[in-house]
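Trainee: Got a minute? I'd like to walk through a structure with you.
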Amino acid sequence: MKIPNPISLHLLTISFKIHKNHFSTAAAAASTNTNLTTLFNKYFDKTDVYSWNSLIAELARGGDSCESLRAFSWMRKLDIKPNRSTFPCAIKSCSALFDLNSGEQTHQQALVFGFESDLFVSSALIDMYSKCGKLSNARVLFDEIPQRNIVTWTSLITGYVKNDDAHEALMVFKEFLFEKSKGNGEEVGTSVDSVAMVSVLSACARVSNKAVSEGVHGVAIKVGLDKVMGVENTLLDAYAKCGEVSLSRKVFDEMAEKDVVSWNSMIAVYAQNGLSTDAFELVHMMGALRVGMCLHDQVLKMGYVNNVIVATSIIDMYCKCGQAEMARNAFDGMKEKNVRSWTAMIAGYGMHGFAREALDVFYKMIWAGLVEFTRMWSLQRFLRGNCLN
């Protein structure tokens, strides 16, 4: 049976990726301008649902949502029965295109084949309806799922946030925490991931309530997500929207590593609150960090990184520029450390609120000192013993 419509060169390329063992032969055939449909028919197993699933998924991951949906359509025209892995990527392609009509049709097919209750399919459908502005449909689907996972909860929370209903997003998160606290003996929030936390904090930023932001911040700390950069960046913004500039700066200062978003967000907070002096100070610090990174690069190229004094200066520079993680990388890369090196790293962690990490480095310094003392003491005893003999 022939494919109903001519396929694109990109679609053919994807099929080659899936069937790598045929790639060389196919490429050689392509160079002779062989008809693309003929090549597709020759090297792609059109009767195998797993081949179609791979094709649909690969196109969706590559951002070719239209092609992904076309592949799904061709598969159905060939009467290939889909399985539970077929629908999520097809539905995600509908989401990416904000194509409600195709999404509803795919939903109907998922119903026909009995996959609507599958968690991955239902999560994708919730996300699709949310992105297409049909939150009532998303909520109905959500409420019908007997056992939800974090992906399902996150899909609905994110949907409310993106549709400017932050209060409802926070209510769903509250419902999630309550359900986790009473079910399966799990502690509150044990299943929260960074994606969910970012969505919830985005809702906090829109509600602009300090108590709510602090409450969610507490959950982030409890589940160990408070040091994830994406969470920190969103938390910084949430506090800023509450007018808590000092709390935003505290989050910023305690970040082990900052990206461009972190710096720009904090600078914007100061600028929007009329604190131009503080904003310019951060701009200067950001510039100093870039210069410091360039100097570090030169030190590496020139082979001076093993110099204890130079390496310690680099650690101190990164710490003072708010990059504790980069300082730790430089510290760990030192072949030899002296008391100034250890002190610089301990102080760096201390100034950014990393008490546990500072103590860890301190204990390692004590241990390293004891090991060195033992080594020297053993050497002295050995030498004295030999001299006496």
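Mentor: We'll start with one helix, then turn to the repeats.
Mentor: This is a predicted model: local features need pLDDT of at least 70, side-chain atom pairs count only at pLDDT 80 or more, and totals for chains, interfaces and linings use all residues. Residues are numbered from 1 along each chain as its sequence is written, and side-chain values use heavy atoms, leaving out hydrogens and water.

Trainee: Where is Leu 97 found?
Mentor: In helix α6, residues 86-97. Helices are DSSP runs of H or I, at least four residues, numbered from the N terminus.

Trainee: What does Leu 97 touch?
Mentor: Ser 65, Cys 66 and Leu 69, leaving aside residues up to four places away in sequence. Contact means heavy atoms within 4.5 Å.

Trainee: Is α6 enclosed or not, and why?
Mentor: Largely enclosed by the rest of the structure, because nine of its twelve residues are buried. Buried means under 20% relative accessible area, with a 1.4 Å probe and protein chains only; exposed is over 50%, and partly exposed is in between. Phe 87 and Ile 91 are among the buried ones. Leu 97 has 34% relative accessibility, so it counts as partly exposed.

Trainee: What covers the buried residues of α6?
Mentor: The cover includes α4 (49-61), α5 (65-77), α7 (100-112) and α8 (119-131).

Trainee: New topic. Which residues does UniProt list for "repeat: PPR"?
Mentor: The unreviewed entry lists 48-82, 118-152, 259-293 and 307-341. UniProt positions follow the numbering used here, feature names are shortened, and annotations may be inferred rather than shown by experiment.

Trainee: How much helix is in residues 48-82?
Mentor: That span is 74% helix and 0% strand. Strands are DSSP runs of E, at least two residues.
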